[in-house]
Amino acid sequence: MKKIICKVEYDTDTAALIAKRTDGYFGDPKGYEECLYVTESGKYFLYVNGGEESIHPSENIIRMSAAKADEWRKAL
């Protein structure tokens with residue numbers, strides 16, 4: 001997925017995957033996944049996607065600061 005936020009491109013195809021969290025099972029309407037990425041320039045973002053009843057009911061990219069990305073990793 002590719003998204004431009006504040007004139008910065010975030011692309012799951014070109015960024016490095018750091019960690020992944022899944023909740024639920026495939027086809028679970030409440031299930032979701034969160035994938036933490038970092039771009040070549042050091043910008044962090046979270047790719048999210050889930051079932052229609054989940055906290056991430058649609059595919060999206062959410063930018064994150066390095067500190068928030070570190071907090072997210074520690075919560076795994």
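A residue is called buried when its relative accessible area is under 20%, exposed when it is over 50%, and partly exposed in between, with a 1.4 Å probe and protein chains only. By this rule F45 is buried, with a relative accessible area of 0%. The structure is a predicted model, in which local features need pLDDT of at least 70 and side-chain atom pairs count only at pLDDT 80 or more, while totals for chains, interfaces and linings use all residues. Residues are numbered from 1 along each chain as its sequence is written, and side-chain values use heavy atoms, with hydrogens and water left out.

Aromatic pairs were considered next. Rings of Phe, Tyr and Trp (for Trp, the six-membered ring) pair if their centres lie within 6.5 Å; planes under 30 degrees apart count as stacked, over 60 as edge-to-face and the rest as tilted. Two aromatic pairs were found by this rule. In one of them, Y10 and F45 meet edge-to-face, with 5.4 Å from centre to centre and 70° between the planes. Elements are named after DSSP runs, numbered from the N terminus: helices are H or I runs of at least four residues, and strands are E runs of at least two. Y10 belongs to strand β2 and F45 to strand β5, so this pair ties together parts that are 35 residues apart in sequence. Y10 is buried, at 4% relative accessibility. F45 also pairs with Y37; these two rings are stacked, 5.1 Å centre to centre and with 5° between the planes. Y37 has a relative accessible area of 12% and is buried. Y10, Y37 and F45 are thus linked by ring pairs into a cluster.

The nonpolar cores were then examined. A nonpolar core is a set of buried Ala, Val, Leu, Ile, Met, Phe, Trp, Tyr and Cys residues joined through side-chain atoms within 4.5 Å. In soluble globular proteins, nonpolar side chains tend to be buried together. The largest core here consists of nine residues, namely A19, L36, V38, Y44, L46, V48, M64, A69 and W72. Two or more of its residues come from each of β4 (32-38), β5 (44-50) and α1 (66-74). Strand β5 gives the largest share, three residues. A second, separate core has eight residues, among them I5, Y10, C35 and F45.

Two buried positions were examined through their contacts, a contact being heavy atoms within 4.5 Å. When residues up to four places away in sequence are not counted, A19 touches E34, C35, L36, W72 and L76. I61 is found in strand β6 (residues 60-64) and is buried, at 2% relative accessibility. Leaving aside neighbours within four places in sequence, the contacts of I61 include I5, Y10, F45 and L46. I61 and E34 are 27 residues apart in sequence, and their C-alpha atoms are 9.6 Å apart in space.

Strand pairing was assigned where DSSP finds at least two bridges between two strands. Strand β1 (residues 2-5) pairs with strand β2 (residues 8-11) in the antiparallel sense, over four bridges. Within this pairing, I5 has V8 of β2 as its bridge partner. The hairpin of β1 and β2 has two residues between the strands, and C6 takes a positive phi near 50° in this hairpin.

Finally, charged side chains were considered. Side chains of opposite charge can pair when their charged atoms come close. A salt bridge is counted when a side-chain nitrogen of Lys or Arg lies within 4 Å of a carboxyl oxygen of Asp or Glu. The whole structure holds four salt bridges. One of them joins the side chains of E33 and K20, at 3.3 Å from N to O. E33 lies in strand β4 and K20 in strand β3 (residues 16-23), so the pair ties together parts that are 13 residues apart in sequence. E33 is partly exposed, with a relative accessible area of 22%.

Helix α1 was examined for further salt bridges. D70 forms one with R73, where the closest N and O atoms are 3.8 Å apart. These residues are three apart in the helix and therefore separated by about one helical turn. D70 also meets K74 in a salt bridge, at 3.2 Å from N to O; K74 and D70 are four residues apart in helix α1, about one turn of the helix. D70, R73 and K74 are joined into one network by salt bridges that share partners. In this network D70 is partly exposed at 30%, R73 is partly exposed at 31%, and K74 is exposed at 65%.
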